[in-house]
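Work through the exercises below with the model open beside you. Try each task before you read its solution.

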Amino acid sequence: MCVCVHAFVHFCVEHSLDAQKAAPQGFIMNNNKRGEEREFYSLDVGDSTFTVLKCYQNLRPIGSGAQGIVCSAYDHNLERNVAIKKLSRPFQNQTHAKRAYRELVLMKCVNHKNIIGLLNVFSPQKSLEEFADVYIVMELMDANLCQVIQMELDHERLSYLLYQMLCGIKHLHAAGIIHRDLKPSNIVVKSDCTLKILDFGLARTAATGLLMTPYVVTRYYRAPEVILGMGYQANVDIWSVGCILAEMIRHKILFAGRDYIDQWNKVIEQLGTPPQEFLMKLNQSVRTYVENRPRYAGYSFDKLFPDVLFPADSEHNKLKASQARDLLSRMLVIDSSKRISVDEALKHPYINVWYDPAEVEAPPPKITDKQLDEREHTVEEWKG
Ligand SMILES: Nc1ncnc2c1ncn2[C@@H]1O[C@H](COP(=O)(O)OP(=O)(O)O)[C@@H](O)[C@H]1O
Ligand SMILES: [Mg+2]
């Protein structure tokens with residue numbers, strides 16, 4: 001029998017989530033008990049209505065994304081502030097249902113300080129027939145990385161943020177999760193400079209390539225092998241980290257393509273057309289397209305990231321700037337076989353000052369549902 005979203009929400013209520021110990025009993029889809037409606041209240045948040053457990057008070061919108069709206073709230077049971085994300089109609093189609101299910105299962109399994117932790121999950125609907133909305137309660141952070149990118153950070157903060165991103169990514173990789181879609185809006189930070197990754201990226205089957213039907217999402221951070229529909233390995237995520245580091249230094253998106261095709265143009269305009277050796281790895285139709293683009297020589301990393309972009313008051317900072325640039329030049333490599341790995345990046349001089357084996361080598365989570373990405377179900381099945 002498949003354990004899908006409805007069953008999962010139920011499971012979280014019945015079992016192991018710590019938050020549940022403190023929460024009122026029997027509030028979710030518990031059609032046999034009377035009075036459970038009173039455990040919920042509704043309020044309007046922007047265009048949406050949040051129907052949440054009464055233990056969550058002072059809701060304020062703090063963000064929105066492809067899946068829905070996120071509010072901050074005070075949790076009277078846990079006596080702390082939390083973030084509540086409403087997955088709007090996760091069952092409207094198979095892609096959404098699958099994504100909701102995947103996110104919930106992974107959030108529950110993964111336990112690392114650089115990955116957002118799940119505190120609770122609930123649905124106000126009582127029966128499977130009515131089951132429509134899912135609310136996810138998480139640790140509350142202060143801002144997403146888009147907001148941090150606007151700021152002038154010193155090398156200490158910059159390298160510490162990168163270190164934490166890499167620790168989170170390494171942990172996901174250890175669990176067999178290759179993200180492929182890291183972007184600043186899905187990375188959150190606290191004012192003490194701690195960082196957490198919010199989501200788990202593309203499911204193995206969800207990527208769309210250069211010549212496939214586009215749909216509206218941010219793809220500035222996607223690696224060439226994703227854009228070009230090639231095979232990928234774990235260092236696909238290093239590309240995204242490189243794009244994010246570059247953006248923190250330039251305060252501007254590095255490769256701001258209008259669509260997938262333009263995305264590739266932006267990459268080669270700056271980094272140069274890759275050699276024949278790389279083109280040979282592409283499938284025929286993509287190679288024909290890529291070969292017919294104008295040829296670019298690209299720019300050196302000294303030109304792409306000149307000294308003036310970095311804080312450079314002292315000799316110490318000059319050294320740091322050249323280390324950061326060196327790291328960029330190893331991350332932003334079109335051919336993934338020549339790109340730095342996550343482990344190598346963690347040992348890079350710009351990053352290794354923070355190296356703590358307890359953070360880097362945390363034991364990998366056990367993902368019980370091995371076929372997470374391969375599974376195909378109808379919307380009704382996902383719901384169940
Ligand atoms: N736990 C959290 N703490 C603080 N802000 C958050 C949290 N979760 C989400 N946000 C904010 O809400 C935005 C959208 O959340 P996200 O989980 O990325 O939604 P979606 O999956 O729809 O893209 C994020 O970019 C961030 O600004
Ligand atoms: Mg998001």
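Two strands pair if DSSP finds at least two bridges between them. Helices (H or I, at least four residues) and strands (E, at least two) are DSSP runs, numbered from the N terminus. This is a predicted model: local features need pLDDT of at least 70, side-chain atom pairs count only at pLDDT 80 or more, and totals for chains, interfaces and linings use all residues. Residues are numbered from 1 along each chain as its sequence is written, chains are lettered from A and ligands numbered from 1 in the order in which they are written, and side-chain values use heavy atoms, with hydrogens and water left out.

**Exercise 1. Confidence**

Find where pLDDT stays under 50.

Solution. pLDDT is the predictor's confidence in each residue, from 0 to 100.
Step 1: the protein chain averages 84, and 82% of the residues score at least 70.
Step 2: the stretch under 50 is residues 12–36.
Step 3: where pLDDT is low, the predicted coordinates should not be read in detail.

**Exercise 2. A hairpin**

Which residue stands opposite Ser42 in β2?

Solution.
Step 1: β1 (residues 40–45) and β2 (residues 48–53) run antiparallel, joined by 6 bridges.
Step 2: the residue opposite Ser42 is Thr51.
Step 3: 2 residues separate the strands of this hairpin, and Gly46 in the turn has a positive phi of about 60°.

**Exercise 3. The sheet of 5 strands**

Work out the strand order and name the edges.

Solution.
Step 1: the order is β3-β4-β5-β7-β6, in an open sheet with antiparallel pairing.
Step 2: β3 (56–64) and β6 (118–122) are the edges; each has a single partner strand, so one side of each lacks a neighbour in the sheet.
Step 3: from one strand to the next, the twist averages 25° (axes are lines fitted to C-alpha atoms, for helices over the stretch in contact; angles run from 0 to 180 degrees between N-to-C directions).
Step 4: helix α3 (residues 94–109) packs on the sheet and touches β5, β6 and β7 (134–139), where contact means heavy atoms within 4.5 Å. The direction of α3 makes about 30° with that of β7.
Step 5: between β4 (residues 69–75) and β5 (residues 80–87) there are 6 bridges. Val70 stands opposite Lys85 there.

**Exercise 4. The sheet of 3 strands**

Which strands stand at the edges?

Solution.
Step 1: the open sheet runs β8-β9-β10, with antiparallel pairing.
Step 2: the edges are β8 (143–144) and β10 (195–197), each with a single partner strand.
Step 3: helix α5 (residues 155–174) packs on this sheet, touching β9 and β10.
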